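Hello,

Here is the model we talked about handing over. Please open it first, then read the notes below.

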Amino acid sequence: LIYDLFAKPREVEASIRAIGPLGDNVDIVLVIDRSGSMSIDDKIGDAKDAAELFIDLMRDGDNLGIVSFANTSAADFQLTTVDATTKEAAKNIVNSLIASGETSIGAGLEKGQFELDERGNSNHVQAMILLSDGDENVSPFVSEILPSVINAGTTVFTVGLGSSVNESLLQDIATQTGGVYT
């Protein structure tokens, strides 16, 4: 499932769109920008709010992973089957993220794809949801990593945060992978 999330002003509107046959479970990796630019206008807070809502709306049996990135990326929460306990653990991870450093969106996508490749269920639809302001300034860059994401058949949904979003980059990521940019 993908949710269109708008976190300003501190209310979240969600609409649901299926990315696979209804009733089928999905593997989703939330790829969250925690770079320094995310501290401006509390974009990191907006990303956390959107991620928490998404986690709450996931179904038991789905698989969820959380990757965060700045100069480098980290698999903060390895792809795990969703239940009430894992939802709370995942939300705790999201709440612990702190914005600092430069930005390598490519590193985030690369780590997210690794989680899907290594821990994903081949019977599930696989996708990533990228929450970012779209400013990349450190390699690996999206252009270096996106071909492997496309080859894996992973859909990437992108959510732009803030008023100075790099819309063209986030739109391009979504378009090339069959996702949607919001």
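**Sheet and strand pairing**

Strand 3 (26-33) and strand 6 (125-132) pair in the parallel sense, over seven bridges. Strands here are DSSP runs (E, at least two residues), helices likewise (H or I, at least four), both numbered from the N terminus. Two strands pair if DSSP finds at least two bridges between them. This is a predicted model: local features need pLDDT of at least 70, side-chain atom pairs count only at pLDDT 80 or more, and totals for chains, interfaces and linings use all residues. Residues are numbered from 1 along each chain as its sequence is written, and side-chain values use heavy atoms, with hydrogens and water left out.

Across the strand 3 and strand 6 pair, Val29 stands opposite Met128, and Leu30 has Ile129 as its bridge partner. Strand 3 also runs parallel to strand 4, again joined by seven bridges. There, Asp33 is the bridge partner of Phe69.

The whole sheet is open, with five strands in the order 5-4-3-6-7 and mixed pairing. Strand 5 (73-81) and strand 7 are at the edges with a single partner strand each, so one side of each has no neighbour in the sheet. Helix 5 (residues 167-177) packs on the sheet and touches strand 6 and strand 7 (contact: heavy atoms within 4.5 Å). The direction of helix 5 makes about 160° with that of strand 7. Axes are lines fitted to C-alpha atoms, for helices over the stretch in contact; angles run from 0 to 180 degrees between N-to-C directions.

**Burial and cores**

Eight of the eight residues in strand 3 are buried (under 20% relative accessible area, 1.4 Å probe, protein chains only). Both faces are covered: Val26, Ile28, Leu30 and Ile32 on one side, Asp27, Val29, Val31 and Asp33 on the other.

The largest nonpolar core has 25 residues. Such a core is a set of buried Ala, Val, Leu, Ile, Met, Phe, Trp, Tyr and Cys residues joined through side-chain atoms within 4.5 Å. Leu30, Ile32, Ile66, Ile129 and Leu131 have the most contacts inside it. Helix 1 gives the most to this core, five residues. A second, separate core has 21 residues, including Val67 and Ile145.

**One charged residue to look at**

Lys87 lies in helix 2. Lys87 is buried yet has no salt bridge (side-chain nitrogen of Lys or Arg within 4 Å of a carboxyl oxygen of Asp or Glu). The nearest side chain of opposite charge, Asp60, is 5.0 Å away. Lys and Arg count as positive, Asp and Glu as negative; His and the chain ends are not counted.

Best wishes

Key. Buried < 20%, exposed > 50% of the residue type's maximum accessible area, 1.4 Å probe, protein only.
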